[in-house]
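Reader: I should be grateful for a close look at one part of this structure, namely its salt bridges. Which side chains meet, and are they buried or exposed?

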Amino acid sequence: MITLIPSDYLVPFACRPETGRGRLVAEPESPIRTAYQRDRDRIIHSGAFRKLKYKTQVFVYHEGDYYRTRLTHSLEVAQIARTLCRVLGLNEDLAEAVALAHDLGHAPFGHAGEDALNAAMAPFGGFSHNDQTLRVLTRLEHRYADFDGLNMTWETLEGVVKHNGPLHPALDGAIPALSATLAEVQTQWDLDLNGYPSAEAQVAALADDIAYNNHDLDDGLRAGLFTVDEIADLPLVGPIVAEVRRRYPGLERSRLIHEIIRRLIDRMVTDLLTETRSRLERLAPQSPDAIRCADREMVAFSETMLDQERHLRAFLFRRMYRHYRVNRETSKARRVVRDLFALFHTEPNCLPSDWQDDLQAQGGNEDPVRRARLVVDYIAGMTDRFALLEHRRLFDLDSQI
């Protein structure tokens with residue numbers, strides 16, 4: 001018998017697979033991997049994860065091979081999350097699983113694709129990439145004989161569902177409306193939606209913020225959407241630019257950008273660790289549930305960093321996400337997704353045969369809501385390039401079917 005490495009190095013409030021809440025469908029434990037390691041491995045081997053290679057982060061894939069995709073973004077988030085967990089004494093494997101899973105439900109063309117699907121689905125319950133991620137994890141991956149989805153542990157599923165924090169009741173006591181998918185999962189397995197997620201999930205969520213702020217800044221600089229001189233006015237970035245220029249006068253542009261970005265990541269990570277340790281010292285949690293029952297997040301940036309991050313995000317919104325070059329691509333992307341949804345929903349006989357079989361089995365031919373949801377599942381699973389190819393096949397009269 002192979003003995004797993006014990007988790008004695010973890011702090012008392014870290015999640016431990018041996019005391020976790022298990023899986024919805026019970027399975028024998030692995031003799032060589034913990035439950036959270038198996039979650040991570042299942043995510044990496046899933047079809048949805050592989051497709052992230054050709055899904056947009058900001059730039060559509062054909063803009064250039066150098067820019068980030070959903071796959072490289074997810075890997076960067078996981079790397080930052082593991083570093084933070086190692087320092088804090090948290091479970092790296094759980095944080096990595098949540099980090100790698102958090103974008104599995106993204107539609108092609110990034111937020112432009114999501115916006116188009118949400119508009120098309122407005123009469124049928126809307127679309128959210130967070131909800132779609134839950135669908136991937138619990139329904140849409142068809143790989144295992146005993147269950148649909150990936151049969152994640154409770155802790156991984158909780159971390160993904162509460163990626164943006166708890167689903168607190170409103171001030172008037174009203175319960176937030178749950179998506180159909182989450183409502184169904186919640187009836188099967190209570191995910192404690194009003195509580196905060198585990199410390200590991202909170203780490204993964206802020207690692208996401210650190211990663212996309214920095215790699216979007218990096219990609220925007222390298223794409224020529226703005227210059228180093230222009231970001232030098234930002235309160236968080238300016239001192240770093242000055243520091244690098246003092247130390248390396250005349251440094252070539254590509255190296256200058258890299259030196260700025262690596263220091264910026266370090267500043268944000270260090271701030272997060274300092275603030276998080278301060279909060280943890282005051283709470284002194286002795287279990288994962290103490291983190292969940294806290295009155296605020298335990299993993300957080302300082303108020304100073306949050307203010308500086310707001311300036312950075314506002315700059316990126318103005319100068320990158322609304323740049324005309326990006327706008328042209330996102331406009332095209334919205335039209336592609338809108339056209340595909342309208343055609344497949346109106347003419348489901350144009351779907352691939354296996355999807356038509358699923359539609360028939362679900363009674364979707366007679367139910368427009370079920371038909372719309374299946375069409376969205378099909379489109380959301382597309383890569384950028386496959387969506388463009390499908391659009392060309394269906395709308396270009398000269399294209400070969």
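Author: The following account turns from the chain as a whole to its salt bridges.

The model is a predicted one. The protein chain has 18 helices and zero strands. Its radius of gyration is 22 Å, close to the 21 Å that the globule rule gives for 401 residues, so the chain is as compact as a globular protein of that length. Of these 401 residues, 54% count as buried.

The structure contains 34 salt bridges. One of them joins the side chains of arginine 82 and glutamate 96, at 2.5 Å from N to O. This pair links distant parts of the chain, as arginine 82 belongs to helix H3 (residues 70-88) and glutamate 96 to helix H4 (residues 92-101), 14 residues apart. Arginine 82 counts as partly exposed, at 24% relative accessibility. Glutamate 96 has a relative accessibility of 13%; because buried means under 20%, it counts as buried.

Another salt bridge lies within helix H13 (residues 288-292), where arginine 292 and aspartate 289 are three residues apart and are therefore separated by about one helical turn. The closest N and O atoms of this pair are 2.9 Å apart. Here arginine 292 is the buried partner, at 4% relative accessibility, whereas aspartate 289 is partly exposed, at 37%.

Salt bridges with shared partners also form one network, made up of Arg33, Arg40, Asp41, Arg82, Arg86, Glu92, Asp93 and Glu96.

A further pair, glutamate 252 and arginine 255, meets at 3.2 Å, N to O. Glutamate 252 is partly exposed, with a relative accessible area of 45%, and arginine 255 counts as exposed at 51%.

Technical notes:
Residues are numbered from 1 along each chain as its sequence is written. This is a predicted model: local features need pLDDT of at least 70, side-chain atom pairs count only at pLDDT 80 or more; totals for chains, interfaces and linings use all residues. Side-chain values use heavy atoms; hydrogens and water are left out. Helices (H or I, at least four residues) and strands (E, at least two) are DSSP runs, numbered from the N terminus. The radius of gyration is taken over C-alpha atoms; the globule rule is 2.2 Å times the number of residues to the power 0.38. Buried means under 20% relative accessible area, exposed over 50%, partly exposed in between (1.4 Å probe, protein chains only). A salt bridge is a side-chain nitrogen of Lys or Arg within 4 Å of a carboxyl oxygen of Asp or Glu.
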